[in-house]
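Visitor: I am new to this structure and would like a close look at a single part of it. Please show it to me, and then I will ask about one helix.

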Amino acid sequence: MSLFETQEIACPSCQHAQQVDVAFTLNASRRADLRDAIIDRSYQRFACEQCGAALRPEPHLTYLDIRRNQWILAKSVSDLAHWSAFETAARVIFDESYGDGAPAAAQATGADLQVRVVFGWSALREKLLIEAAGLDDVAVEYVKVLLFRALEQMPLADDAELRFEGLGDEGTLRFLWYVGASETPVEAVEAPRALYDLAVNDPEAWRTLRETLSAGPFVDMNRLLVPEEAAAA
Ligand SMILES: [Zn+2]
């Protein structure tokens, strides 16, 4: 079951305030349409009732897909600085629902669920696309780090995000760069499959990097870029 609440949001263009229903629990287990809508970016999109501008409140929700073993706490891009606190929050919420604090039946369901924390719609969408492609998300982040390190200079703004988009010809990994919370890609990058295969094979020399990327539910190269902040969420 998915749960919604009514929120007042201000239009970024004309400041008009209006009430919209936003999800705080999304269960895609039996609702493939919810998952599809996140992937095609149509989910939770509104138009300003005064000026018609596009409105999309940032996610503050838990996403569940039992069939695909995904449980994801999705927060807004502006929460990224507090990723460490949200990892703790995710563990607490998950434990109450499917972990030690849950009834036995729920614990059985939870045993196979992969717990993740993401920031922003593009990051949530990316986790669904990685699963759909049958890839390991830790290895995908690994590839991103390698692509990132190969850059001679940062091509974009400080808040640029590299997100997995899908598989290309011969199994190449296609990525797009986004800036901050914007959902308009600014540049495409493709990584050879061999790079991903190398990451999956987990060479000894990269062990530390893999451990860092998979040290908690926030499996994202931003673990390396955004300093851990002790501030409470
Ligand atoms: Zn407006």
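Visitor: Which strands does H4 lie across, and at about how many degrees does H4 run to S8? Please take a close look at that helix and its surroundings.

Guide: This is a predicted model. H4 lies across S8 and S9, and its direction makes an angle of about 30 degrees with S8.

Some background on the whole chain helps to place the helix. The protein chain has 8 helices and 10 strands. Its radius of gyration is 18 Å, close to the 17 Å that the globule rule gives for 233 residues, so the chain is as compact as a globular protein of that length. Along the principal axes, the C-alpha atoms fill a box of roughly 55 × 50 × 40 Å. Of the 233 residues, 27% count as buried. Among contacts between residues at least 6 apart in sequence, 57% join residues at least 24 apart.

Now the strands that H4 lies across. S8 and S9 belong to an open sheet of 3 strands, in the order S8-S9-S10, with antiparallel pairing. Strand S8 (160–167) and strand S10 (187–191) are the edges; each has a single partner strand, so one side of each is left without a neighbour in the sheet. From one strand to the next, the twist averages 30 degrees. Strand S9 (residues 173–179) pairs with S10 in the antiparallel sense, over 5 bridges. Phenylalanine 175 stands opposite valine 189 in S10.

Next, the helix and the core. The largest nonpolar core has 41 residues, and Tyr63, Leu124 and Val143 touch the most other members. Helix H4 (residues 121–132) gives the most to this core, with 6 residues. Leucine 124 has contacts outside its own stretch of chain: leaving aside neighbours within four places in sequence, it is in contact with Ile38, Pro59, Tyr63, Ile72, Ala74 and Val118.

One of those contacts, Ile38, leads to another helix. Two packed helices are described by the angle between their axes and the distance between the axes. Helix H1 (residues 32–39) packs with H4 at an angle of about 115 degrees, and the two axes are 9 Å apart. The crossing of H1 past H4 is left-handed. On the H1 side, Arg35, Ile38 and Ile39 take part, and they meet Leu124, Arg125, Leu128 and Leu129 in H4.

Another contact of leucine 124, Tyr63, leads to a second sheet. Tyrosine 63 in S5 is the bridge partner of leucine 26. Strand S2 (residues 17–27) and strand S5 (residues 61–65) run parallel and are joined by 3 bridges. S2 and S5 are part of an open sheet of 5 strands in the order S1-S2-S5-S6-S7, with mixed pairing. The edge strands there are strand S1 (3–10) and strand S7 (114–119), each pairing on one side only. The twist in this sheet also averages 30 degrees from one strand to the next.

For contrast, consider a residue elsewhere in the chain. Threonine 208 is in helix H7 (residues 207–213), and it counts as exposed because it has 9 C-beta neighbours inside 10 Å, where the cut-off for exposed is 12 or fewer.

To return to the question: H4 lies across S8 and S9, packs with H1, and gives the most residues to the largest nonpolar core.

Notes:
Residues are numbered from 1 along each chain as its sequence is written. This is a predicted model: local features need pLDDT of at least 70, side-chain atom pairs count only at pLDDT 80 or more; totals for chains, interfaces and linings use all residues. Helices (H or I, at least four residues) and strands (E, at least two) are DSSP runs, numbered from the N terminus. The radius of gyration is taken over C-alpha atoms; the globule rule is 2.2 Å times the number of residues to the power 0.38. A residue is buried if 20 or more other C-beta atoms lie within 10 Å of its own, exposed if 12 or fewer, and partly exposed in between; C-beta atoms are placed from the backbone. Two residues are in contact if their C-beta atoms, placed from the backbone, lie within 7 Å. Two strands pair if DSSP finds at least two bridges between them. Axes are lines fitted to C-alpha atoms, for helices over the stretch in contact, and angles run from 0 to 180 degrees between N-to-C directions. A nonpolar core is a set of buried Ala, Val, Leu, Ile, Met, Phe, Trp, Tyr and Cys residues joined through C-beta atoms within 7 Å. A crossing is left-handed if the near helix is turned anticlockwise from the far one by less than a right angle, and right-handed if clockwise.
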